[in-house]
Amino acid sequence: MATVSTFDQFLDPSTGCLTPQVAQRIVDWRPSPQLQDRIQELGRKAESGTLSPDEDGEYQQLIEDGDLIALLQTKARRILSQPAR
């Protein structure tokens, strides 16, 4: 029997937490140009080993946030691909 994660249960459209409209907005979300520039700047500094401790913390948080957004977008795409209930 497949185990359904709490994450999946919370985002199941039958709970009303992630409607198809909200799912589409999540799929369509992109970071602002300023945020993209900041991520790229921190990435370049990380590759060259010149991040300050504060920048390293900021960069790690941005990476974690990006991972969460990617998971949400994957779940949202899955919801949108299912037939309407």
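In which helix of the protein chain is confidence lowest, and in which is it highest? I looked this up before anything else, as the model is predicted. I found the lowest mean, 68, in helix α1 (residues 6-11) and the highest, 97, in α3. The score is pLDDT, the predictor's confidence in each residue, from 0 to 100. For the protein chain I noted a mean pLDDT of 87, with 82% of its residues at 70 or more.

I kept to these conventions: local features need pLDDT of at least 70 and side-chain atom pairs 80 or more, while totals for chains, interfaces and linings use all residues. Residues are numbered from 1 along each chain, and side-chain values use heavy atoms, without hydrogens and water.

Next I examined the largest pocket (an open set of 1 Å grid points with protein on both sides within 12 Å along at least five of seven lines). I recorded about 230 Å³ of space in it, a volume being the space filled by probe spheres set on the points. Its lining (residues with an atom within 4 Å of a point) includes Trp29, Arg30, Tyr59, Asp65 and Gln73. I saw that α4 gives the most to this lining, with 7 residues. By class, I noted 8 nonpolar, 2 polar and 2 charged residues there.

Last, I turned to Ala23, which lies in helix α2 (residues 20-28). I entered Ala23 as buried (under 20% relative accessible area), because its relative accessibility is 0%. Beyond neighbours within four places in sequence, I found Ala23 in contact (heavy atoms within 4.5 Å) with Leu18, Ala76, Ile79 and Leu80. Ala23 and Ile79 stand 56 residues apart in sequence but 7.2 Å apart in space, C-alpha to C-alpha.

How values were computed: On a 1 Å grid over the protein atoms alone, a cavity is a set of points where a 1.4 Å probe fits but cannot get out, and a pocket is an open set with protein on both sides within 12 Å along at least five of seven lines; lining residues have an atom within 4 Å of a point. Helices (H or I, at least four residues) and strands (E, at least two) are DSSP runs, numbered from the N terminus. Ala, Val, Leu, Ile, Met, Phe, Trp, Tyr, Cys and Pro count as nonpolar, Asp, Glu, Lys and Arg as charged, and the others, Gly among them, as polar. Buried means under 20% relative accessible area, exposed over 50%, partly exposed in between (1.4 Å probe, protein chains only).
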